[in-house]
Structures are given as C-alpha cells and as structure tokens.
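Please go through the model shown below. The report that follows takes up selected sites one at a time.

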Amino acid sequence: MKFHRSPSSRSLPAAFLPLCWLLLETVPLGYGHLYNNRYAGDKVIRLIPQTEEEAHALKKMYHQLKVDLWQPGSISYVSEGTVTDVHIPQNASRTLLAFLQEAHIQYKILIEDLQKALENGSSLRTQRNRRSLSDYNYELYHSLEEIQSWMQHLNQTHSAFIQVFSIGRSYEGRPLFILKLGRKSRAYRRAVWIDCGIHAREWIGPAFCQWFVREALLTYKTDPAMRKMLNHLDFYIMPVFNVDGYHFSWTHDRFWRKTRSRNSRFRCRGVDANRNWKVKWCDEGASVHPCDDTYCGPFPESEPEVKAVANFLRKHRKHIRAYLSFHAYAQMLLYPYSYKYATIPNFSCVETAAYKAVRALRSVHGVRYRYGPASQTLYVSSGNSMDWAYKNGIPYAFAFELRDTGHFGFLLPEMLIKPTCTETMLAVKNITMHLLQKCPRESPRVWSADPEKADADQRVLGTGWKLFAKTRATF
Ligand SMILES: [Zn+2]
C-alpha cells in the first residue's frame with residue numbers, strides 16, 4: 001500500500017492573480033462560498049483492516065471521532081479486508097493518525113486537504129457565467145434550481161419529444177420533477193425508468209441524467225440505435241431524486257447523503273432514501289438509528305420522495321421494463337438481489353445485459369466495472385429501490401456505481417463529467433437495446449454465502465482488482 005500522495009493544489013504565478021480575482025467575480029452565489037472553508041485541513045484516508053482485531057479497533061475509533069464514512073455506507077460494514085474510506089475533520093485527524101501509527105495499521109491518504117480538493121475540482125466553475133439555457137453546459141455540476149430551469153426550458157422548446165411533470169413534493173415542499181422522453185403520438189409503450197441523486201453527495205448521478213437527455217436530443221436523427229430506443233420506448237427520467245438533500249449539499253454540507261426530514265426524538269435529520277423501501281425494510285445493512293447514514297426511517301416509504309416514486313412505479317409497472325438508478329462511487333453495475341444471497345429468476349438475461357453493458361463501457365476509455373448481484377458484489381442491504389423495483393415486477397433492475405474508485409471519491413472533478421457520462425451512456429444504450437430483444441426465463445439458482453465460493457462466482461471483467469476485492473461503496 002502506498003502511503004503518500006502530494007496535495008493536488010497548484011500554485012499560480014503571481015502575474016495571474018489579478019486575472020483570478022476577475023474570474024472569481026463570476027462565481028455564482030449559492031455555492032456556499034465553498035462552504036465557508038469548513039473542510040480546510042480535513043483528510044480522506046483509506047484503510048483496509050488486515051485482521052478482525054484491527055477492524056474492531058477502527059470501528060471503536062470511528063464511533064469515538066464521529067467520522068464521515070465515504071465507504072462503506074455504515075461502520076457496521078467495516079471488517080477484515082474491507083476497503084474503508086473515511087473523511088476525517090482536521091481536529092480529529094491528528095488523533096486518528098497517531099492511533100494508526102501506534103497500532104501499526106496501514107493507511108493511505110487519498111485526499112490531503114479536502115477544501116483544496118473541493119476548490120480544484122470545481123475550477124471550471126470560476127469560468128462560468130450565466131448564459132442562456134440553449135448554451136447549457138453539461139460538463140459542469142448544476143444546482144437544483146439550474147436543473148429545474150433546464151427541465152422547464154426543454155419542456156417548452158422540445159414539446160413534441162419531452163414532457164415535464166411533477167409526481168409530488170419533497171419533505172421541504174420542493175416539486176419532484178420527472179422528464180418523460182419519447183414520442184407523444186402512441187399511447188401504450190414499454191418504458192425505462194432512470195433516477196439519479198437518491199444520495200445527495202453523489203453529484204455525478206444528476207450530471208449523467210442530464211447528459212442522457214442531451215444525447216437523446218442530439219443523436220436521435222443520426223444514431224440508428226438511439227432512434228430505435230426512442231421509437232420503441234418511453235424514458236421516465238428523474239434527474240434529482242433527493243431534491244432537499246441535493247440542495248443542502250450545495251448550500252451547507254457537500255457530503256450530505258440522506259433526505260432532510262426531521263425526527264421527533266432525535267436532532268439528527270434525514271433518512272437514507274435507499275433504505276426506505278418496502279422490501280425487507282430495515283433488515284440487514286440498514287440502521288434503526290436516526291443519526292446513521294443508513295437510517296431506514298420510521299416506517300417504509302416514510303419519505304415523501306420515496307413514496308411519490310413508489311406510487312408512480314406501482315401505477316406504471318405494467319409498462320416499465322427497466323429500472324436504472326445512478327449512484328457513486330465504486331465503478332460497479334449491480335442487479336438484484338441486494339437483500340439476500342439468491343439468484344433472480346431471469347438471472348441469465350440480466351447477467352448477459354450487465355456483461356455487455358460493462359464491456360461496452362470499458363471500450364470507451366478502458367475503465368473497468370465490476371458487475372454482479374449487489375449482495376455478492378457489494379454487501380447485503382435491505383430496503384433499497386432496485387430490489388423493490390424488481391420485486392414489484394420490473395424485470396430489469398440495475399444500480400450503477402459510477403466513477404471513480406476513491407481517488408476523488410464524491411469530488412469527481414467537473415473535467416471528468418464528459419468521459420464518465422460518455423462511457424456510461426454506452427452501457428445504458430446496451431441495456432436498453434437488450435430490452436428490445438426476447439430473453440427466455442430460467443429457474444432460480446442459489447448463490448453461495450461462502451466467501452470463497454462467492455469470490456469464484458463473482459464476475460470481474462479484467463484483472464488488477466485485488467485492492468477492491470471487498471470494496472463496499474455507498475449504494
Ligand atoms: Zn448512493
């Protein structure tokens with residue numbers, strides 16, 4: 001394991017400083033003025049406990065220091081061999097580093113100074129200015145307000161192809177907008193559901209949802225595959241699922257994950273919108289404690305955002321053939337089951353689709369994705385949207401964990417939006433084209449819960465993945 005990486009900040013020659021001041025003038029408000037410098041000196045550290053004793057000691061330390069875990073989703077997942085990425089505030093990092101050195105636990109600093117990484121990652125933002133929506137820049141992260149204006153703009157300018165409507169309101173009263181993409185003329189068509197941003201801090205998700213719409217509009221006339229997709233299917237796209245959380249991640253806490261609902265007995269706010277679904281709700285891999293990042297909520301569908309989407313999917317489940325949900329980070333393509341070690345009835349159809357998608361994705365920039373049932377590939381987690389969609393009759397249910405594998409983590413720089421979205425687009429097109437072909441059903445097969453057998457079962461495309469053998473991301 002390597003131990004150090006130099007800070008990614010670069011110093012600018014003095015001659016450029018006046019220019020920088022001028023550019024800074026164009027930074028839009030609402031970016032929290034880079035969160036009032038609140039992450040200055042914070043670090044992100046990767047640890048892989050080598051023994052159960054180390055894992056136990058780390059868990060204790062994490063509880064004590066109240067760290068922000070980036071991977072895995074919850075402290076309970078930390079175990080021997082598990083890749084653990086932890087965001088540690090400046091004042092606690094000295095304590096943690098001293099403890100690690102004393103206990104001879106190996107670690108690697110992924111991000112030396114989180115504030116600097118945040119500023120570097122959004123460098124393009126300093127060059128942006130308010131342009132018309134027809135020049136919408138898909139290579140930037142956009143605030144909720146910008147995304148909603150963009151949707152309304154498309155609704156007006158592409159009315160033959162796009163319909164924007166709200167399926168309800170969030171906890172804080174924001175509309176939950178869906179963009180329907182497809183030709184209006186025919187009444188009943190098979191459909192694909194795509195949602196992004198269930199977890200607030202995973203900003204690359206909403207960026208991809210927007211990119212998908214852009215590609216559809218740009219290439220419909222020239223790309224036969226896109227034309228076929230849009231001629232035969234409707235797409236329901238929800239660019240930001242967790243609108244309150246996303247907004248909060250722009251204004252207050254860049255690393256917020258949950259919704260923003262209040263709890264009657266605890267001061268901690270929010271529920272994990274990917275543990276709040278009525279499928280083995282609040283069982284393994286979910287927390288009953290409101291202060292945990294994987295809190296399942298007081299009851300299934302307690303979150304208005306989850307209830308609204310569940311109602312919509314229930315209403316349209318006869319037509320919806322695929323459910324695709326976009327998360328970050330880990331570079332994985334996951335399918336059910338997540339809540340148990342068992343094989344889905346249409347395993348071979350789904351697995352073939354996943355294999356082709358991952359292969360297509362890799363062909364663009366050589367980026368490797370692991371794929372497989374979520375319980376085997378990531379961890380057992382109950383009450384999530386993908387399992388729920390599958391159990392409610394949507395035959396193809398997938399969750400993407402987009403780039404990267406921890407180098408930038410949630411702070412994937414804006415310059416990587418384009419390559420990430422380009423390759424993901426190809427994967428989504430592959431899955432969609434697969435839907436348009438017939439695929440026979442087959443009998444269920446039980447996956448082994450034995451880790452060694454599970455490793456043999458695990459499909460990994462390519463080699464060199466030892467380090468991430470037990471990566472447990474924040475799905
Ligand atoms: Zn997620």
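Is Tyr-337 buried or exposed? Tyr-337 has a relative accessibility of 8% and therefore counts as buried, the cut-off being under 20%. This is a predicted model.

**Tyr-337 and the cis peptide bonds**

Tyr-337 sits in the loop between S10 and helix H11 (347-365). Its peptide bond with Pro-336 is cis, with omega about 0 degrees. Beyond its neighbours within four places in sequence, Tyr-337 has several contacts. Among them are Ala-342, Thr-343, Ile-344 and Pro-345. Pro-373, Ala-374 and Ser-375 also touch Tyr-337. So do Asp-387, Tyr-390 and Lys-391. Asp-387 is 50 residues from Tyr-337 along the chain, yet their C-alpha atoms are separated by 6.1 Å.

A cis peptide bond also joins Ala-328 and Tyr-329, and here too omega is about 0 degrees. Tyr-329 belongs to the loop between S9 and strand S10 (332-335).

**The zinc site**

Which residues hold the zinc ion? Its protein donors come from His-199, Glu-202 and His-327. Each histidine gives its ND1 atom, while Glu-202 appears twice, through OE atoms. The donors lie 2.1 to 2.4 Å from the zinc ion.

Why is the arrangement irregular? The four donor atoms subtend angles of 56 to 154 degrees around the zinc ion. A tetrahedral label would need all angles between 85 and 135 degrees. The arrangement is irregular because of that spread of angles.

Along the chain, the donor residues follow the spacing H-x2-E-x124-H. Glu-202 lies in the loop between strand S7 (190-196) and helix H7 (204-219), and His-327 lies in strand S9 (residues 320-328), so this pair ties together parts that are 125 residues apart in sequence. Glu-202 and His-327 are both buried.

**Pocket and cavity**

How many cavities of 30 Å³ or more does a search of the whole structure find? The search finds two. The second largest of these cavities and the second largest pocket are set side by side here.

| Space | Volume | Lining by class | Top contributor |
|---|---|---|---|
| Second largest pocket | about 1,000 Å³ | ten nonpolar, seven polar, 14 charged residues | H3, three residues |
| Second largest cavity | about 40 Å³ | eight nonpolar, one polar, no charged residues | H6, four residues |

The second largest pocket is lined by 31 residues. Those nearest its centre are Lys-66, Val-67, Asp-68, Cys-291 and Asp-293. Helix H3 (52-65) and strand S2 (68-71) each supply at least two residues of this pocket lining. H3 gives the most.

The second largest cavity has a lining with no charged residues. Leu-144, Ile-147, Gln-148 and Met-151 are among the residues that line this cavity. Its lining also includes Pro-175, Phe-177, Pro-239, Val-240 and Val-243. Helix H6 (144-157) and strand S6 (175-181) each contribute at least two residues to the cavity lining. The largest share comes from H6.

**Positive phi outside glycine**

Asn-37 has a phi near 65 degrees, a positive value in a residue other than glycine. Its place is the loop between helix H2 (32-35) and strand S1 (43-47). The relative accessible area of Asn-37 is 45%, so Asn-37 counts as partly exposed.

Cys-282 also has a positive phi, near 55 degrees. This residue is in the loop between helix H9 (243-251) and helix H10 (304-316). What is the relative accessibility of Cys-282? The value is 19%, so Cys-282 counts as buried, with the limit set at under 20%.

**The whole chain**

The protein has 475 residues, and 58% of them count as buried. The model contains 15 helices and 13 strands. Among contacts with a separation of 6 or more, 78% are between residues 24 or more positions apart. The pair Tyr-337 and Asp-387, 50 residues apart, illustrates a contact of this kind.

Technical notes. Residues are numbered from 1 along each chain as its sequence is written. This is a predicted model: local features need pLDDT of at least 70, side-chain atom pairs count only at pLDDT 80 or more; totals for chains, interfaces and linings use all residues. Side-chain values use heavy atoms; hydrogens and water are left out. Donors are N, O and S atoms within 2.8 Å of the metal (3.2 Å for Na, K and Ca); water is not among the atoms, so sites may look incomplete. Four donors count as tetrahedral if all angles lie between 85 and 135 degrees; four count as square planar and six as octahedral if opposite donors are over 155 degrees apart and all others between 65 and 115; anything else is irregular. Buried means under 20% relative accessible area, exposed over 50%, partly exposed in between (1.4 Å probe, protein chains only). On a 1 Å grid over the protein atoms alone, a cavity is a set of points where a 1.4 Å probe fits but cannot get out, and a pocket is an open set with protein on both sides within 12 Å along at least five of seven lines; lining residues have an atom within 4 Å of a point. Grid points are joined across faces, edges and corners, and a volume is the space filled by probe spheres set on the points. Ala, Val, Leu, Ile, Met, Phe, Trp, Tyr, Cys and Pro count as nonpolar, Asp, Glu, Lys and Arg as charged, and the others, Gly among them, as polar. Contact means heavy atoms within 4.5 Å.
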